[in-house]
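Let's walk through a protein model together, one contact at a time. Keep the structure open beside you and find each residue as we come to it.

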Amino acid sequence: MEHQNENKNNPFSDQNNTTESQNENKYDTSFNVQQENDREENAQSETVHEKPFQAASSEGSRATVKETKKSGKWGGFMKTIAAGVVGSALTLTALPFVESAQDDTPAAVSQTETAVSDVNVQKVNSAATGNLADTIEQASKAIVGIVNYQDQQQIDPFGRAVSGEEAESGSGSGVIFKMTDDEAYIVTNNHVIENASKVEVTLHDGEKLSAELVGTDPLTDIAVIKIKGDISAEVLPFGDSSKLRAGDQVLAIGNPLGLDLSRTVTQGIVSAVDRSIAVSTSAGEWDLDVIQTDAAINPGNSGGALINSAGELVGINSLKISESGVEGLGFAIPSNDVEALINQLIEDGQVERPYLGVGLAALEEIPQFYLRDVPENVTAGAIITNVDESSAAAKAGLQAEDIIVSIGGTKVTGPDDLRKALYTDFKIGDNVTVEYYRQGELKEVKVTLASKQLETE
């Protein structure tokens, strides 16, 4: 993900914050995995058909010899009857294997259905058995390419910064999840569209449209944009990511290395579920809950779809481990988390979370001179560097230089602990106890949490 200054009121700001440094992060913001998938053709169907017909032919030959000795005149007729009886019996035996092994040999299936017309046979449903090519073809119509354009500042001969032309800053992928008569809503990663002055969307048929921001949440790296017009595309339905298990087949669809390789499809499995990865975002450090996969994906797949074999969206591709020698370690935001976030973004334009209203730093970041009043046994905590005067913290009496060591009974060893507890354990309106040190003395105070939106109104 990219370390950029957050502009919550206007993520499409014209600030020229470079994203190059973020690519050095251990957890890169798009996938770059290589994987070799050795695929073997399933020859079971040929084996199933070959053996019965060989056996029928062999039994028919022996029956012919026997009947010829009894009656040469009726030998041909008896040969036909015997072969038919034995062939029908073998067809009954082979039927279950034919159904499970294939659904692309209509002639053989037709023969078995005719021979056993009195048996309750369930026809194979190609959608249920997962015709992979059909699934991918349908899902790909919901995948879009996204290009982030930013104003490029230039220095004039007098050393002044002036705005230049819009230039492509980066590209990624997105997924259409909702359509109306004249609009289509797209979910992508926040880092794909962050700080853009213009966002351009390319549909599966090559049509290009300008996009409008609906809402964004830098902390979870999710954003929603929309396009307007007579749109020819499909909607990708959400699947239940909580049902995923290690070993389940998944496919990644996106635009690796740009739009020239748009809607590239790779196959893999779910490597693990319920992973938590520490990431840096423009809203601060965060532990992101993700699905781990070994599907081969590369830069530009960020914001693209991770789908199951039924063609349902189970994740939004967001992270990769890019260390040298590391392969097959990619991560996607679970669809259940994404679905909850996009509903808030469509309704409010942002995700509302409890807001304490303090700036924080870790103790080790503060010069020892300013910690002379801190007891020796206090070695960890989050020190307040500033307080929003209209915030819940200010109303409760918290001050700069106070060292928070717990909130709501949860130990705080640094700013990340406080943020994680605040956003995951509590909700707006909760009355929580904050323990802190002030001038060497341990104190506590009750704080009623509110949203930042309410505090700034």
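Start with a pair of opposite charges: the side chains of Asp 430 and Lys 427 meet in a salt bridge, with N and O 3.4 Å apart. Before going further, please keep in mind that this is a predicted model. Are the two partners buried or exposed? Asp 430 has a relative accessibility of 19%, so this residue counts as buried, because the cut-off for buried is under 20%. Lys 427, at 56% relative accessibility, counts as exposed.

This is one of 7 salt bridges that a search of the whole structure finds. Let's visit another, in which Lys 226 pairs with Glu 183 and the closest N and O atoms are 3.3 Å apart. Where do these two sit along the chain? Lys 226 belongs to strand β8 and Glu 183 to strand β4 (residues 183–188), so the pair links distant parts of the chain, 43 residues apart. Both Lys 226 and Glu 183 are buried.

Glu 183 has a further partner: its side chain also meets that of Lys 228 in a salt bridge, at 3.9 Å from N to O. Lys 228 lies in strand β8 while Glu 183 lies in strand β4, so this contact ties together parts that are 45 residues apart in sequence. Compare how the two partners are placed. Glu 183 is buried, with a relative accessible area of 14%, whereas Lys 228 counts as partly exposed at 49%. Through shared partners, salt bridges join Glu 183, Lys 226 and Lys 228 into one network.

Now turn from charges to nonpolar side chains. Which members of the largest nonpolar core touch the most other members? They are Ile 146, Val 201, Ile 227 and Leu 236, out of the 52 residues in that core. Strand β8 (residues 222–228) gives this core its largest share, 5 residues. We have met strand β8 already, as the home of Lys 226. There is also a second, separate core of 20 residues, and among its members are Ala 393, Ala 421, Val 445 and Val 447.

Next, look for flat rings. A pair of aromatic rings is described by the distance of the centres and the angle of the planes. The structure holds 4 aromatic pairs. In one of them, the rings of Phe 177 and Phe 238 have centres 6.4 Å apart and planes at 75 degrees, so the pair is edge-to-face. Phe 177 is in strand β3 (residues 161–179) and Phe 238 is in the loop between β8 and β9 (249–254), with 61 residues separating them. Phe 177 is buried, at 11% relative accessible area. Ring pairs also bring in Tyr 185, linking Phe 177, Tyr 185 and Phe 238 into a cluster.

Another aromatic pair is formed by Trp 286 and Tyr 423, and this one is tilted, with 5.7 Å from centre to centre and 50 degrees between the planes. Trp 286 comes from strand β11 and Tyr 423 from helix α9 (residues 415–424), so the pair links parts of the chain 137 residues apart. Trp 286 is buried, with a relative accessible area of 10%, while Tyr 423 counts as partly exposed at 27%. The ring of Trp 286 has a charged visitor too: the charged end of Lys 420 sits over it, 4.6 Å from its centre. A similar arrangement can be found at Phe 369, where the charged end of Arg 372 sits over the ring, 4.8 Å from its centre.

Let's finish with the strand that carries Trp 286. Why is strand β11 (residues 284–293) described as largely enclosed by the rest of the structure? The reason is that 7 of its 10 residues are buried. On one pairing, strand β10 (residues 264–281) runs antiparallel to β11 and 9 bridges join them. A hairpin connects β10 to β11 through 2 residues, and you can find the bridge between Ser 280 and its partner in β11, Glu 285. Strand β11 also pairs with strand β14 (residues 330–334), again in the antiparallel sense, over 3 bridges. To locate that pairing, look for Thr 293, which stands opposite Gly 330 in β14.

Notes. Residues numbered from 1 in each chain as written. Predicted model: local features only at pLDDT ≥ 70, side-chain atom pairs only at ≥ 80, totals over all residues. Heavy atoms only, no water. Buried < 20%, exposed > 50% of the residue type's maximum accessible area, 1.4 Å probe, protein only. Helix = DSSP H or I, 4+ residues; strand = E, 2+ residues; numbered from the N terminus. Pairing = 2+ DSSP bridges. Core = buried A, V, L, I, M, F, W, Y, C linked by side-chain atoms within 4.5 Å. Salt bridge = Lys/Arg side-chain N within 4 Å of Asp/Glu carboxyl O. Phe/Tyr/Trp six-rings, centres within 6.5 Å; stacked < 30°, edge-to-face > 60°. Lys NZ or Arg CZ within 6 Å of the ring centre and 35° of its normal.
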